[in-house]
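Here is a quick walk through one structure, written for someone who would rather look than scroll. Keep the 3D view open while you read.

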Amino acid sequence: MDLLGELPHIEAAQVRRCARALLRQPLLHADGPEAELLPLLYRHRAVLRRLFAAYLGYPLRVERRFARLFKQRDDGGGRGVSGFTPRSYAYLALTLAALVEVGRQVLLSQLVANVRGAAAEAGIAVSDDPVELRALAAALRHLVTLGVLEETEGSVAAVASGGPEEALITVDAELLGLMGRPVRTSDVDSTDRAGHQPPAVGRVVGVLARRRLAEDPVVLYAELPIEEADYLRYHHRQESYWLDRYFGLQVEARAEGMVATDPDEYLTDLSFPGGSTVARMALLALEPLLAMSKPREVDGCHAVSVSQIRPVCADLVKRHPSGWAKSELANLDALASKVTGLVLQVGIARRVSDDVVVLVPAAHRWLPKVEEKSNAAEPAASDNVDELTLFGEGEVPW
């Protein structure tokens, strides 16, 4: 059943726009980005609730001043909050626990003390180390972005410096209450897109598979449970249609898996290729890294030792000495680490162990062509993507 089929064209477009906004930012509020969408969200809240519940199994709450989509990552994957470290997530959880005990307003120093108290109760060691303070500041800034905290006077950024600066923080209790609601797969709507009521197991498998496509840039069949992989293999055409219909995502299916992209890049949180030194070096490093090993039979991935990435980066610096930012060349170990982190973030690689990553078949999509210039100028790395070939030569679309 097309959940947008009975709506006029303009209203269907409005619902689609709202759905895309919620997929990008699950908590929209009156003082935050895209607040202008709240009237549309409230108007179409019934359709949006049915859409997210039936298709992705995500509950949605919409009020006049906020909208909250409760996502569920069953596999624990995803890139998460940009710039967050594991320690940032720990401080985010501790801060949410500490905020339960405060009133409408709290001094920044008191909030930090409460966070450390929550850490002590949980048996988590914390310190005034600069890395720790930056992680705490990142968690607080994220809550400000979400509207849970408001910087009434001063800024939460003062935490990062460890200085004596004070700030007055206002807490939005209603938005705070939306931060921790658990979401279960049982929240899935009992009616599928054809208007039928399929067995619960089949319904859940379909929802879990769709979540993968909606949330991850690259989905490999070998990484999925057998039921989810089989579902996507046999239903990839219809799922491609509905992902485009509801969220504007374009899906490409190949022998090893599927990729979902947004042509408008609205839902793209991390673009690749890019213009930075790290992004260009990661792009140029793909070809030599892929050549270091044969693809594995089980999934088509190429295993690469992390220790092999630094020599590749060093060779690129030697071959194209004027093509990089000097600040990045001061520490090749750090540069290689950034390159590794980027290919992991964008889904081109998966980490197997501390010293081994695997490049997924989709890495072939971005193999560059380098034009050597006689005047030793900056190398030109082509970011022209072959739209028909995703996983390399010889693969045929489903």
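What follows covers two sheets, a pair of helices and a salt bridge.

Bear in mind throughout that this is a predicted model.

**The sheet with β4, β5 and β6**

Start with the open sheet whose three strands come in the order β4-β6-β5, with antiparallel pairing. Its edges are β4 (105-107) and β5 (149-153), each of which pairs on one side only. From one strand to the next, the twist averages 35 degrees. If you zoom in on β5 and β6 (residues 168-171), you'll find four bridges holding to the antiparallel sense. One residue to click on is E150, whose bridge partner in β6 is T170. Helix α5 (residues 108-122) lies across β4, β5 and β6, and it runs at about 85 degrees to β4.

**The sheet with β7, β8 and β9**

Now move along the chain to another open sheet of three strands, this one in the order β7-β9-β8 and again paired antiparallel. Here β7 (218-220) and β8 (250-253) stand at the edges with a single partner strand each, so one side of each has no neighbour in the sheet. Neighbouring strands are turned by 15 degrees against each other on average, direction ignored. V218 has V259 of β9 as its bridge partner, and β7 and β9 (residues 257-261) run antiparallel with three bridges joining them.

The helix here is α10, which lies across β7, β8 and β9 and runs at about 160 degrees to β8.

Side by side, the two sheets look like this:

| Strand order | Average turn between neighbouring strands | Helix lying across, with angle |
|---|---|---|
| β4-β6-β5 | 35 degrees | α5, about 85 degrees to β4 |
| β7-β9-β8 | 15 degrees | α10, about 160 degrees to β8 |

**Where α4 meets α6**

How do the axes of α4 and α6 cross, and at what angle? Helix α4 (residues 86-99) and helix α6 (residues 130-145) have axes that come within 8 Å and cross at roughly 60 degrees. That angle makes α4 oblique to α6. The crossing is right-handed. On the α4 side, the contact is made by R87, S88, Y91, L92, T95, L96 and L99. The α6 side brings E132, A135, L136, A138, A139, L140, H142 and L143. Sorted by type, the residues of this contact are 10 nonpolar, three polar and two charged.

**A long-range salt bridge**

The whole structure has 21 salt bridges. One to look up joins the side chains of D2 and R245, at 2.9 Å from N to O. D2 sits in the segment before α1 (9-24) and R245 in α10 (residues 226-247), so to speak two distant parts of the chain, 243 residues apart.

Conventions. Residues are numbered from 1 along each chain as its sequence is written. This is a predicted model: local features need pLDDT of at least 70, side-chain atom pairs count only at pLDDT 80 or more; totals for chains, interfaces and linings use all residues. Side-chain values use heavy atoms; hydrogens and water are left out. Two strands pair if DSSP finds at least two bridges between them. Axes are lines fitted to C-alpha atoms, for helices over the stretch in contact, and angles run from 0 to 180 degrees between N-to-C directions. Contact means heavy atoms within 4.5 Å. Angles under 35 degrees count as roughly parallel, over 145 as roughly antiparallel, 65 to 115 as roughly perpendicular and the rest as oblique. A crossing is left-handed if the near helix is turned anticlockwise from the far one by less than a right angle, and right-handed if clockwise. Ala, Val, Leu, Ile, Met, Phe, Trp, Tyr, Cys and Pro count as nonpolar, Asp, Glu, Lys and Arg as charged, and the others, Gly among them, as polar. A salt bridge is a side-chain nitrogen of Lys or Arg within 4 Å of a carboxyl oxygen of Asp or Glu.
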